[in-house]
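Please look through the structure shown here with its nonpolar interior and its chain contacts in mind. The paragraphs after it offer a guided reading.

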Amino acid sequence: MGTNMSQRQLCKPWEHRYSRRQLLGTMAAGGLGLRSFLQPSVADELAKNDKQVLLIWLDGGMSQLESWDPKPNTEFGGPFRAIPTSVPGINVCELLQHTAKQMHHLAVLRSVCTQDNSHSAGVARINRGDPKNRGVEYPFLGSAVAKLLGPTSSGMPPYVWIKPYSGGFKASDAGFLGAKYGALALGDGKPPDNLLLNKSISAEENELRNELRQKFDERYAVGRRKEWTEANSYVYELAKKLMDRGDLFDESSFTDKDRERYGTHELGRHLLLARRTLETGVRFVKVNSYHWDSHGDNFNACDSLIRQFDQPFAALIEDLHDRSMLNNVLVIVMSEFGRTPKINSHVGRDHWPEAWSIAMAGAGIKRGVVVGKTNDQGTFVDGQPHDIGDLFHTWFKAMGVPQELMQYDNHGQPLPVAHDDCSPISELLA
Amino acid sequence: MIRFGLCRIIIHSLILMIIGMPALWADDHPLALQIDELIAAKSDGQQPAPCSDDAEFLRRICLDLSGRIPTTDETRRFLDNPALDKRAEMIDQLLAAPTYAQRMQELFHVVLMERRGDNEKWSNYLRTAFEQNKHWDQIVRELLFPDAEDESRRGAGFFYSKRLEAYGQNPTDYPGLTRDVGRLFLGADLQCAQCHNHLFIDDYKQHDFQGLYSVYLNLSINSGLEFPAVTEKPMQKKLEFVSVFDATQRETGPRIPFASEFAIPEQSKEGPAVSVLARLADEFPTQGNSIFAKNIANRLWFVMMGRGLVHPLDLHHSGNPPSHPELLDLLASEFAAHQYDIKWMLRELALTQTYQCSSRFPVTLADTADAATEVSTTQISPESYVLFNEKRMLAEQLLHSTLQATGNLDRLQQPAADGKPNPELVDLTAKYVAAFANEAREPEDQINPTVKGALFTLNDETLLQLLSRQPGNLIDRLMTMTDEQLLAEELYLSIFTRKPTDVERTELFAWLAQNGDGREKAIRLLAWSMLTSMEFVVNH
């Protein structure tokens, strides 16, 4: 794929073939984009919004006590120390030694209090921001953002999910929004099937056949419902963008220094790929890491897992800052719940939604703050607890989602984007 | 609207001719006519789209009843046939053709298994069932009680056995099986009623779920046979359950959801075990079970009309009423009265003007770019049925139609030397399912273009090979034609099942003229564009 990059800087052959394009007629020119799904004024406003999101999902539940909210030398504190960070007065667990140096970019909410303590309920509820039950399946955050903000001006698919195991196109995150808002999943960071232009088709021919298809579609849509044709155009546009950016998946193009800083382990590689994915203009990137459910041997597990997170996460925050991307990219680190302060007989920590922490940084978020606190034992929130619905409001606000978009239209049924009884946490907002 | 009126008269007079009815009077209305009246009564003054033209109708009915688009010969014959009753004749012909059973096998496989996987015995079972026109109640009885002793039921066990397999980290998903039986045969998704009475669907009670669940907890896979089968342990006692809302201990015996509980059968020491499953299968799909009748009537309506009268299809309850309650009642009771004869039902639906109406409002063809001449479709709801609802094609329909259009179907349907299906067809089928089907356990109930599908059509080698010139295939036929008028007709009839308009002919001639030196390539690019366009990939 190395040659793609150099080719892209040249004129495309078809740019010199105006006569053929003329034949295709005026209908082929405009193209239907996501724009046509929205009212014009909102679309114009969104065109200016270049906010992006990176969600790091630590599946199974990260221990807050071994990360963002250490309680050393207390009954449930465990063996690790707390260390100072780049922000005087804020300490984190020593397992976050690299992240501690980036604390001045981060905001940590230590007063998260949610409800579900099973994985099956918790994963869905946290990812959906726990909207009120209205008999529909709400989208996960990535699909919601794909719907609300659409692709960035890059035209890249709005929702890319970097994950271990299988890839493909995962519709299940989209809920009632429909498969179109699902995630393009890069299984183990690998590109999707059929990404490379078939060798029997030249770039020029590819352009031509797509223009012809588009023309047939536009003709078909006359007098008919438009939504399916728009959806068809949209997926072909995304496919084209992906094919054009095949270099995204070329791991060999990362520098040795990058690899060393992020680490060559799975989460390290995936966060490095996430950086590049954000650089290509994908609106929402989700990175999943699994096996955080440390019911047994929690401290050895954390010693390994949290360090696997710490190194690439700190490198990523540093890089986003260096590239002036942190003003535009909202970074979120969360799980379905935290872990029990009480240490069980397997030296493990179990599921604990009552008092845990979520970290964030970047677009619209205050820098270098801790908001909320737990009691001295770390067992419960001390003061105002915050549910996931509050965080969704906070993040939508940080992303600059306009007020008129804070409601979905589900075939005539108005549905609030986030829980009606929750509201943004102003202490977290810049 | 003259066309529309005329068409309506023709269709309805045909129905009368066919049924041999001398005149109209209320009690002896043919069902098709009653359906159209009930639809018209709720159209809120919205002028319906005109009747489909013959080509539009033919493509639609072939896709629905034979699972593929017609050949150019079939289309030409149909378009040239002057007979007034040719539509009804075509419907009967398609219902009688061997392709009907294949289409129904593919359709019901997807409906019943939701892409969990396939099995040869299972496909044979479904194929045979539709070849014999087994009625729906009989099929469901066999699915619910796949008696291994009864040879004609072998293969039906796949419905249970596949669902009892562990997948991923999940142990045997008994709640999932219970849920699916409710969803697929009663149109009721009882999942939330597993742990408590449903919060906002008053009709769904926890005992409805638990009663059915109690039966399935005794089921396990019988892997010792060469066909998919299950083993049933005798039920010993009632199932105890607790609502998560109040700690009250409750219990239930076996129960068909929304019906009363029945007693656990006494097991005698001698003789075979008495099967609860057998009793369930006997009492579930009855003529008197109106919930059972409404579910299947609604599902067949959806297959033909592209939108359930109750939608989503598995949420029948009083808070989600049908768009046309009288119509659903009528369909359900008529269907039950005809002993759940699927072929009869599909025929009745196909004869309606509702089915035969166009998916498109007419426009001034001379100036298609001028939006002012278009009727706005944005306010037309899918449940009004005044504009035919475009339908998703199953991966199988899309594959067979693509093979038909590109002139490769006959070749690929030839079995291999060992009698097994052509390996190229097997390979293509797997690829089409991977590219166009939903993920397992997700119903395929709406048009769903995906980037995955787009990348497949853009770049997959086997698909693009269908457009390489091989003796007798579409590209070959077109390349041998010197008369460009004939070429244009052949291309459009092959792919779009219609003749090209004047504008399209002119464009095609210009396209060919511009690419004089690369004619084959130009034709291939054009054919690819047509095959990937909406006009081809949806059933409209």
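What follows goes from the contact between the chains to the core and then to two helix pairs.

The model is a predicted one, and a convenient place to begin is where its two chains meet. Here 43 residues of chain B are in contact with 44 residues of chain A. On the side of chain B that touches chain A, at least two residues each come from helix H20 (451-459), helix H21 (461-465), helix H24 (502-514), H25 and helix H26 (534-537). Of these, H20(B) gives the most, with seven residues. Sorted by class, that side of chain B has 23 nonpolar, 11 polar and nine charged residues.

From the contact between the chains one can turn to the nonpolar interior, whose largest core has 240 residues. The residues with the most contacts inside this core are A:Ala239 and A:Leu330, and helix H12 of chain A (residues 298-322) contributes the largest share of the core, 11 residues. A second core, separate from the largest one, has six residues, among them B:Ala49, B:Cys357, B:Leu387 and B:Phe388. When residues up to four places away in sequence are left out, A:Ala239 touches B:Val451, B:Ala454, B:Leu455 and B:Leu458.

A helix pair with one member in each chain is worth following in detail. Helix H8 of chain A (residues 203-221) and helix H25 of chain B (residues 519-531) have axes that come within 8 Å and cross at roughly 45°. Because angles of 35 to 65 degrees fall outside the roughly parallel and roughly perpendicular ranges, H8(A) and H25(B) are oblique to each other, and H8(A) passes H25(B) in a right-handed crossing. From H8(A) the contact draws on A:Glu205, A:Leu208, A:Arg209, A:Leu212, A:Arg213 and A:Phe216, while H25(B) brings B:Leu525, B:Leu526, B:Trp528, B:Ser529 and B:Met530. By class, this contact has seven nonpolar, one polar and three charged residues.

The other pair lies within chain B, where helix H3 (residues 54-66) and helix H4 (residues 72-80) pack at an angle of about 135°, with their axes 10 Å apart. H3(B) and H4(B) are therefore also described as oblique to each other, and the crossing in which H3(B) passes H4(B) is right-handed. The contact is made by B:Asp54, B:Ala55 and B:Leu58 on H3(B) and by B:Thr75, B:Phe78 and B:Leu79 on H4(B), and by class it has four nonpolar, one polar and one charged residues.

Key: Residues numbered from 1 in each chain as written. Chains lettered and ligands numbered in written order. Predicted model: local features only at pLDDT ≥ 70, side-chain atom pairs only at ≥ 80, totals over all residues. Core = buried A, V, L, I, M, F, W, Y, C linked by C-beta atoms within 7 Å. Buried ≥ 20, exposed ≤ 12 C-beta atoms within 10 Å, placed from the backbone. Helix = DSSP H or I, 4+ residues; strand = E, 2+ residues; numbered from the N terminus. Contact = placed C-beta atoms within 7 Å. Axes fitted to C-alpha atoms, helices over the stretch in contact; angles between N-to-C directions. Parallel < 35°, antiparallel > 145°, perpendicular 65-115°, else oblique. Left-handed = near helix turned anticlockwise from the far one by under 90°. Nonpolar A, V, L, I, M, F, W, Y, C, P; charged D, E, K, R; others polar.
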